[in-house]
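Visitor: Could you walk me through the ligand site and the pockets here?
Guide: Happily; let's look at it together.

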Amino acid sequence: MVIDDTICAVSTNLGESAINIIRLSGNDAIKIVSSVFLGADLKNVESWTINHGFIINDLGERIDEVLVSIFKAPRSYTRENVVEINTHGGNYVTSRILSLIISKGARLAEAGEFTKRAFLNGRIDLSEAEAVMDVISARSKKALEIANKELSGNTHQFIESLRKELESLLLLITVNIDYPEYEDEVKITDNEIVKTTSSLIEKIQKALEEAENMRVYREGIKTIILGKPNVGKSSLLNALIKEDKAIVTNISGTTRDIVEGEVNIGGIILHLIDTAGIRQTDDPIEKIGIFKSIEKLNEAELVLLVLDHSQKMSEEDRYLLQMTQNKKRIILGNKTDLNKEKIEEVETLDVSALTKEGLPLLEEKIKEMFINEEIGDSSGAFISSSRHISLLNKALLSLKSAKDAAINKEYVDMAMIDLKDAYDVLGLITGKTASDTLIDELFAKFCLGK
Ligand SMILES: Nc1nc2c(ncn2[C@@H]2O[C@H](COP(=O)(O)OP(=O)(O)OP(=O)(O)O)[C@@H](O)[C@H]2O)c(=O)[nH]1
Ligand SMILES: [Mg+2]
């Protein structure tokens, strides 16, 4: 595919700020900017320079005083000519410059299109492109560390080394397949398949084992706070996020809509959702809230089921206990600062949203449930996204099936189909075998100007 147009976008967040950056990429990037620039002759300046001057309109009127960075192809973010204009950070001035640039022949970029070009032009692979977004969206030290490892090519190298091994094996089978009459060759082929698939399976299993920790660090944990009315769900949310975000009253049915908050516990981001207390009600608004709570429960990875420790268990509590029994959950006995009633049916982790007692224990328990401290990162794969994890799982299945075929001495063609599948599925991680649709879908999730 030949990319011959020039794209532009505001790469900073629009709003009043010290500076905005307008970025262009494409064959004509330098030519376009130089046609609206008063200062050095940008077409003849060195690459990797910053040039002071003014953006002027067709009448020669100054629109803004700017700094223009020039990156000549191929040593640029996209491998194309890239220009970055540092403008003053006002909405109006930035939009005017952007319009001017568009009038000179650039086109507004789509979300992620700069990074997409870096990928299409072969500077980075798909996993590295995805890591760019991970760096941007990282909200904890660990998430940033993982994103940086992926961005510097660790995942790419891991996947490509697996693919190379598969490639050699496929080549060997293809050569041997030409001599089916030699039983020895068949035996050697089967042995090779078993040996190579076993080693690949082991490597992938190790990477997947590590990936679960990484995924949690990268994506955080979707956590729902659930319980009957008035047990202290909103108080718990507020206590955890250390902010008075949700309304708390002693009236049952206070929370109607869902309230969200985020907290970093020992390096893991909890995406918390406080919900309407669940009970039988005729109130139409409360009913909608309860419906939403149940909907959110389905998406949640962790349920904090709140019971009121100052009261006896009720039917509603039992109903909720049953409803959440197949989810990863922590049953909290809240309000331990008050009279403790016996909760015999289930084991609770006792807390007080009011005095904060027990909250450090809760945080520890969550970390324990989701992070296996004994697992490190020795595979070097840095697989952390759900997309990569599911593809690796697919590859694993195909490899196991190829191994079984060889062990059972089935026709080698059977194993070959599976090996080829594994090879292609791994290629979806790095983008080697990705379709245009998949690539478009992935980049559409990016920010504008990146
Ligand atoms: N003593 C004590 N009171 C608490 C504690 N947690 C919450 N409360 C009180 O319990 C009442 C209900 O608290 P909320 O946080 O609004 O309860 P909720 O579960 O969100 O209630 P709904 O939104 O109505 O479902 C309020 O009066 C809180 O101050 C606690 O740990 N100890
Ligand atoms: Mg509430």
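Guide: One term before we start: a polar contact is a pair of N or O atoms within 3.5 Å. Please keep in mind that this is a predicted model.

Visitor: Which backbone atom is 3.0 Å from an oxygen atom of ligand 1?
Guide: The cut-off for a polar contact is 3.5 Å. A pair at 3.0 Å is therefore inside that limit. The partner of the ligand oxygen is a polar backbone atom of alanine 353.

Visitor: How much of the accessible area of ligand 1 does the protein cover?
Guide: On its own, ligand 1 has 650 Å² of accessible area. With the protein in place, the covered share is 89%.

Visitor: What does a side chain add, and at what distance from an oxygen atom of ligand 1 does lysine 233 place a polar atom?
Guide: Lys233 is among the closest of the 23 residues that surround ligand 1. Its polar side-chain atom faces a ligand oxygen at a distance of 2.7 Å.

Visitor: Which helix gives the most to the shell around ligand 1?
Guide: The shell divides into seven nonpolar, 13 polar and three charged residues. Three shell residues come from one helix, spanning residues 233–241. That top contributor is helix H8.

Visitor: How many charged residues are in the lining of the largest pocket?
Guide: Ligand 1 takes up the second largest pocket, while the largest pocket holds about 590 Å³ of space. Its lining has 28 residues, with Met133, Asp134 and Arg218 among the closest to the centre. Nine of the lining residues are nonpolar and seven polar, and the charged ones number twelve.

Notes:
Residues numbered from 1 in each chain as written. Chains lettered and ligands numbered in written order. Predicted model: local features only at pLDDT ≥ 70, side-chain atom pairs only at ≥ 80, totals over all residues. Heavy atoms only, no water. Near = heavy atom within 4 Å. Polar contact = N/O pair within 3.5 Å; in protein donor to acceptor, adjacent residues only side chain to side chain. Areas by Shrake-Rupley, 256 points an atom, 1.4 Å probe, with all protein chains shown as cover. 1 Å grid on protein atoms, 1.4 Å probe; cavity = no way out; pocket = protein on both sides within 12 Å on 5 of 7 lines; lining within 4 Å. Sits in = over half its atoms within 2 Å of the grid points. Helix = DSSP H or I, 4+ residues; strand = E, 2+ residues; numbered from the N terminus. Nonpolar A, V, L, I, M, F, W, Y, C, P; charged D, E, K, R; others polar. Points joined across faces, edges and corners; volume = space filled by probe spheres on them.
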